[in-house]
Amino acid sequence: MPPTITPERPDTPDAVALITELDDHLGSRYPAESRHGFSVQKLIRDNVAFFVVRVNDADNAAAPLAVGCGGIMLVPRTPSDIPYAEVKRMYVRPAHRGQGLSKLMLHHLADHAAAHGFRTLRLETGIHQLEAIALYERFGFQRTGPFGPYTNDPLSLYFEKQL
């Protein structure tokens, strides 16, 4: 059975486990002031559409295994910026990387943004996330400057893609 992506509240056990793993990973690479990921509570408060990707578990065929997640925040036009959708909390567990799941999630998030009328997709990632940077560039993202609430953090890279 192919991987599935389903909408899910970020406070479910599977989502919390994935977000916690992501936070642990980023915490080992970046100081607190350079970690810009939303907490579970902020994901909910800011109405971030959140999704979990699952694959069949060889040990338990009845229960697909949650192996990755991603969110998309729809940001309306502001006096100083165009409307855009921002990718949030993208993560795939290391044991499941290299299977195209991140690409699948990015397509899903971009489709969600486009279905809601958004044509600009943006994200922030850390300079040490080499696999993620390569994925975003292969997906057609171009480097840009800080946007929205971000400032010029030397440990961050900012990307944009037109849908």
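## Aromatic pairs and a cluster

Tyr150 comes out at 11% relative accessibility, so it counts as buried (under 20% relative accessible area; exposed is over 50%, partly exposed in between, with a 1.4 Å probe and protein chains only). Phe147 is buried too, at 5% relative accessibility. This is a predicted model, so a quick note on filters: local features need pLDDT of at least 70, side-chain atom pairs count only at pLDDT 80 or more, and totals for chains, interfaces and linings use all residues. Residues are numbered from 1 along each chain as its sequence is written, and side-chain values use heavy atoms, with hydrogens and water left out.

Searching the whole structure turns up seven aromatic pairs (rings of Phe, Tyr and Trp, the last by its six-membered ring, with centres within 6.5 Å; planes under 30 degrees apart are stacked, over 60 edge-to-face and the rest tilted). One of them joins Tyr136 and Phe159: it is tilted, at 6.2 Å centre to centre and 55° between the planes. Tyr136 belongs to helix α4 and Phe159 to strand β7 (residues 156–162), so the pair ties together parts 23 residues apart in sequence. Helices (H or I, at least four residues) and strands (E, at least two) here are DSSP runs, numbered from the N terminus. Both Tyr136 and Phe159 are buried. Then there's Phe147 with Tyr150: ring centres 5.0 Å apart and planes at 65°, so that pair is edge-to-face. Phe147 and Tyr150 also share one aromatic cluster with Tyr84 and Tyr158.

## Charges over rings

Tyr84 shows up again here, with the charged end of Arg122 over its ring, 4.4 Å from the centre. Lys88 does something similar with Phe38, lying over the ring face at 3.8 Å from the ring centre. The test is NZ of Lys or CZ of Arg within 6 Å of the ring centre and within 35 degrees of the ring normal.

## The largest pocket

The largest pocket holds about 820 Å³ of space. On a 1 Å grid over the protein atoms alone, a pocket is an open set of points where a 1.4 Å probe fits, with protein on both sides within 12 Å along at least five of seven lines; lining residues have an atom within 4 Å of a point. Grid points are joined across faces, edges and corners, and the volume is the space filled by probe spheres set on them.

The lining takes in 36 residues, with Met90, Thr125, Gln129, Ala132 and Tyr136 nearest the centre. Elements giving two or more residues are α1 (13–27), β4 (84–92), α3 (101–115), β5 (120–126) and α4 (130–138). The largest share, seven residues, is from β4. By class, the lining splits into 14 nonpolar, 12 polar and 10 charged residues (nonpolar: Ala, Val, Leu, Ile, Met, Phe, Trp, Tyr, Cys and Pro; charged: Asp, Glu, Lys and Arg; polar: the others, Gly among them).

## Helix α3 and positive phi

With 15 residues at 1.5 Å a residue, α3 should span 21 Å, and its end C-alpha atoms are indeed 21 Å apart; the expected span is 1.5 Å times one less than the number of residues. Its buried residues are Leu101, Met105, Leu106, Leu109, Ala110, His112 and Ala113. An α-helix has 3.6 residues a turn, so residues three or four places apart point the same way. Just after α3, Gly117 takes a positive phi of about 85°.

Two residues that aren't glycine have positive phi as well: Asn47, near 55°, and Arg89, about 55°. Asn47 sits in the loop between α2 (40–45) and β2 (49–57) and is exposed, at 64% relative accessibility. Arg89 lies in strand β4 and is buried, with a relative accessible area of 6%.
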